Amino acid sequence: MSTTKLNRSDVLNKLMEVRGNALAIAGLGSPVWDLAASDHQPENFYNWGGMGCAISMGLGCALAQPKRNVWVITGDGEALMGVGSFATVANQRPDNLVIIILDNEHYGETGMQKTHTSGGTDLAAMAAGAGIPTTMTVHNDEDLKNLINALKTSPLPLVASIKVENTKPKLVLPSRDGVYIKTRFRQAVLGSTAALHVT
Amino acid sequence: MAEPWTTAAHRLFKKHNIRTVGYVPDAGLTELIKSCHADNDIKSVVMTTEEEGIGLSSGAWLGGEKAAVLMQSSGVGNTVNAIASIVSSCQFPLFMIVTMRGQYGESNPWQMPMGQAVAPVLKSLGMHVFEVETDDEAAEAIEAGLKMAFVSNAAVAILIGQKLIGAKSFIADVAEEVINVDN
């Protein structure tokens, strides 16, 4: 295994090349800046809070939009806080949900304290144990190619833990206005009339 | 005889086009959970913690569908930051049914503190809280709450009182034999 970890922005850029028309939900912290830097668009929902809820939010969206793929892009600390959601997702088996964890083994927003994944906790193994059909840990470029291939060919839901450097990403900030982010996303997905006139 | 509140809840879920129901079970929710599972138009999602219900419901709304979240009163404590952070900040609709413990006739002292905290905690988060104690009151509040949540982007909790669902029999009332060890 290589000791040089992947660069998070390189990883996200490569993944976004194969995103297609998937909807994206970013968990709070660096994944928000990463997604905004790599592929900012209305069909991104950026969580500025609610740590631990990105995966359950992705599940709700995937169940509501069965014809679209939904990608959750989150971090190891955020995923660990809502780790029971692996089991909830596995029970529902949405065949359109992808969970990408940018695992830098640290809490990046609070002073780079180590997370459990730096002490031996294996998120992909936890996801597999929960019953997620496709799980993998990505350490290098070859693993990343395998992940990109799995996104096209393997059964979903999929959980991938991608080991990335714990460098601070470039701060590319989307709006902090939650109502705006929500409404923009709904307008893009549902069209303005359905998004703005609820009956 | 009044329509049982669980029957009314399911009927009103249909009327208001609730498509996803997330729950952590409670004895008082048994009939409603059963009827949701039996309904092919409703995706029933068993959750590991009530907090997931807030993500699930918000995610459903992002995808253009309405969700309801069911839990026991003790689970309300697990939802607090998600409600404050996600639902309030983004004005997501939220519709919760909470079956109460720690109230009228409670026989487990460990349920009392959280049961008493539920209404003030939810109100402190800015939620609309309706406490009901009869089947008719429950049906009326569920109908009103569904409208408020999804048309007015409100966060609503219906607290089903223990007077209505009945205080759960303590194990000593139903077990064949009870042995006390702390004597």
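These legends go with close-ups of a predicted model, taking in a strand of chain B and a sheet of chain A.

**View 1. Strand β6 of chain B, a mostly covered strand.** This strand spans residues 155-160, and 6 of its 6 residues are buried. B:Ala155, B:Ala157 and B:Leu159 point one way from β6(B), while B:Val156, B:Ile158 and B:Ile160 point the other way. Whichever way they point, all of these residues are buried.

**View 2. What pairs with β6(B): β4(B) and β5(B).** Strand β4 of chain B (residues 94-99) runs parallel to β6(B), joined to it by 6 bridges. With β5 of chain B (residues 128-132), β6(B) shares 5 bridges, again in the parallel sense. Zoom in on B:Val156: B:Phe95 has it as a bridge partner, and B:His128 stands opposite it as well. To get from β5(B) to β6(B), the chain passes through helix α6 of chain B (residues 135-151), making a right-handed β-α-β crossover.

**View 3. The open sheet of chain A, built from 6 strands.** Read across, the order is β2-β1-β3-β4-β8-β7, with parallel pairing. At the edges sit β2 (44-46) and β7 (134-138) of chain A, each pairing on one side only. From one strand to the next, the twist averages 15°.

**View 4. The β1/β2 end of that sheet, with helix α2 of chain A packed on it.** Strand β1 of chain A (residues 23-26) and β2(A) run parallel and are joined by 3 bridges; one pair to look for is A:Ile25 with its bridge partner A:Phe45. Helix α2(A), residues 30-39, touches β1, β2, β3 (70-75) and β4 (97-103) of chain A. The helix direction makes about 130° with that of β3(A).

Notes: Residues numbered from 1 in each chain as written. Chains lettered and ligands numbered in written order. Predicted model: local features only at pLDDT ≥ 70, side-chain atom pairs only at ≥ 80, totals over all residues. Buried ≥ 20, exposed ≤ 12 C-beta atoms within 10 Å, placed from the backbone. Helix = DSSP H or I, 4+ residues; strand = E, 2+ residues; numbered from the N terminus. Pairing = 2+ DSSP bridges. Right-handed = clockwise from strand over helix to strand, strands pointing away. Axes fitted to C-alpha atoms, helices over the stretch in contact; angles between N-to-C directions. Contact = placed C-beta atoms within 7 Å.
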